[in-house]
Amino acid sequence: MKTNLDFTPLFRSSIGFDRIFDLLENASRITAIDNWPPYNIAKTGEDDYRITMAVAGFSQDQLTITHQPNLLLVSGSQSGEDDGQYLYRGVPGRAFERQFEVADHVKVVGASLENGLLNIDLKRELPEEMKPRRIAIAGSTAQAKPRQIEAEKNAA
C-alpha cells in the first residue's frame with residue numbers, strides 16, 4: 001500500500017525547508033533496491049561520520065568517489081578479462097554505483113581502502129554565521145524621568 005504525504009500544510013508555517021520536504025517526498029517513492037555492495041554508516045563523533053563499503057575485488061584505481069552538492073556518489077567498475085572458467089562465483093565483480101544524500105555543509109574528509117573495505121570519512125562543518133550566537137539585549141539609552149500624574153491641589 002502506497003501512501004503519498006501532503007506537505008502543503010507545512011508550507012504555510014515554514015520558510016526555507018523546501019529541500020527537506022523534497023527529500024521526504026523522494027524517500028517515500030519506492031525504487032528498485034540494489035543492496036550491493038553492502039555498506040555501513042556510523043557516527044564516529046558529534047559531527048563526524050564514516051561510510052564503510054565492502055568492495056572486495058576492487059582496487060583503488062577501479063573505484064571513484066564524487067562529491068557534489070548534497071550528493072555523494074561511489075562507483076566501481078572492473079576492467080579486464082576473466083582469466084578462468086568459474087565453477088562458482090561468490091565474489092561479484094560487477095560494476096556498481098551507490099548514491100548517498102548528504103546534508104548541507106557535510107564535507108568528505110578522506111577515503112581509504114583497506115582489506116576490501118572502502119572507508120569514507122565525512123565531517124559536518126557549520127559556517128560561523130550559522131552557529132548559534134547569543135544576542136545582547138540593549139537597555140534604553142535615554143534616561144527618561146518617571147512621569148508623575150499630579151492632581152490639582154485643593155486648599156482646605
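This is a short talk about how the parts of one predicted protein chain are held against each other.

Okay, hi everyone. Please keep in mind that what you see above is a predicted model. Let's get our bearings.

The chain has two helices and seven strands. If you walk along from the N terminus, the order of elements is α-α-β-β-β-β-β-β-β. There are 156 residues in the chain, and buried ones make up 18% of them. Now look at the contacts whose separation is 6 or more: 53% of those are between residues 24 or more positions apart. Keep that last number in mind while we go through some examples.

Let's go to the sheet. Which strands are in it, and in what order? Four strands form an open sheet, and the order is β1-β2-β7-β6, with antiparallel pairing. The edges are β1 and β6, the latter covering 106–114, and each of these edge strands pairs on one side only. On average, neighbouring strands here are turned by 15° against each other, if you ignore direction. For anyone new to sheets, the strands pair through backbone hydrogen bonds, either parallel or antiparallel.

I want to zoom in on β2 and β7. They pair in the antiparallel sense, over seven bridges. To put residues on that, I51 has I120 in β7 as its bridge partner.

Next to look at is T52, which sits in strand β2. Is T52 buried or exposed? T52 counts as buried, because its relative accessibility is 18% and the cut-off for buried is under 20%. Its side chain makes a polar contact with the side chain of N119, at 2.9 Å. Leaving out residues up to four places away in sequence, T52 touches P38, Y39, N40, L117, L118 and N119.

Now for the charged side chains. How many salt bridges does a search of the whole structure find? The search finds three, and we can take them one at a time.

Start with R124 and D47, whose side chains meet in a salt bridge at 2.6 Å, N to O. R124 is in strand β7, residues 117–124, and D47 is in the loop between β1 (39–43) and β2 (48–54), so this pair ties together parts that are 77 residues apart in sequence. As for exposure, R124 is partly exposed, with a relative accessible area of 32%, and D47 is partly exposed too, at 24% relative accessibility.

Then there's K123 with D48. They form a salt bridge whose closest N and O atoms are 3.1 Å apart. K123 belongs to strand β7 and D48 to strand β2, so here the parts tied together are 75 residues apart in sequence. K123 counts as partly exposed at 30% relative accessibility, and D48 counts as partly exposed at 25%.

The remaining one is D121 with R50, where the closest N and O atoms are 2.6 Å apart. This pair also links distant parts of the chain, with D121 in strand β7, R50 in strand β2, and their positions 71 residues apart. D121 is partly exposed with a relative accessible area of 24%, and R50 is partly exposed with 32%.

Right, on to the aromatic rings. The structure holds four aromatic pairs, and I'll show you two of them.

One is W36 with F96, an edge-to-face pair with 5.6 Å from centre to centre and 85° between the planes. W36 is in the loop between α2 (18–28) and β1, while F96 is in strand β5 (residues 96–101), so the pair ties together parts that are 60 residues apart in sequence. Both W36 and F96 are buried.

The other is F58 with F96, again edge-to-face, with 5.3 Å centre to centre and 90° between the planes. F58 comes from the loop between β2 and β3 (63–68), F96 from strand β5, and they are 38 residues apart. Why do we call F58 and F96 buried? F58 has a relative accessible area of 7%, F96 also has 7%, and buried means under 20%.

So which rings end up in a cluster? Ring pairs link W36, F58 and F96 into one.

To wrap up, remember the three salt bridges, the seven bridges between β2 and β7, and the cluster of W36, F58 and F96. Thanks for listening!

Methods:
Residues are numbered from 1 along each chain as its sequence is written. This is a predicted model: local features need pLDDT of at least 70, side-chain atom pairs count only at pLDDT 80 or more; totals for chains, interfaces and linings use all residues. Side-chain values use heavy atoms; hydrogens and water are left out. A salt bridge is a side-chain nitrogen of Lys or Arg within 4 Å of a carboxyl oxygen of Asp or Glu. Buried means under 20% relative accessible area, exposed over 50%, partly exposed in between (1.4 Å probe, protein chains only). Two strands pair if DSSP finds at least two bridges between them. Axes are lines fitted to C-alpha atoms, for helices over the stretch in contact, and angles run from 0 to 180 degrees between N-to-C directions. A polar contact is a pair of N or O atoms within 3.5 Å; within protein, one must be able to donate a hydrogen and the other to accept it, and residues adjacent in sequence count only if both atoms are side-chain atoms. Contact means heavy atoms within 4.5 Å. Rings of Phe, Tyr and Trp (its six-membered ring) pair if their centres lie within 6.5 Å; planes under 30 degrees apart count as stacked, over 60 as edge-to-face and the rest as tilted.
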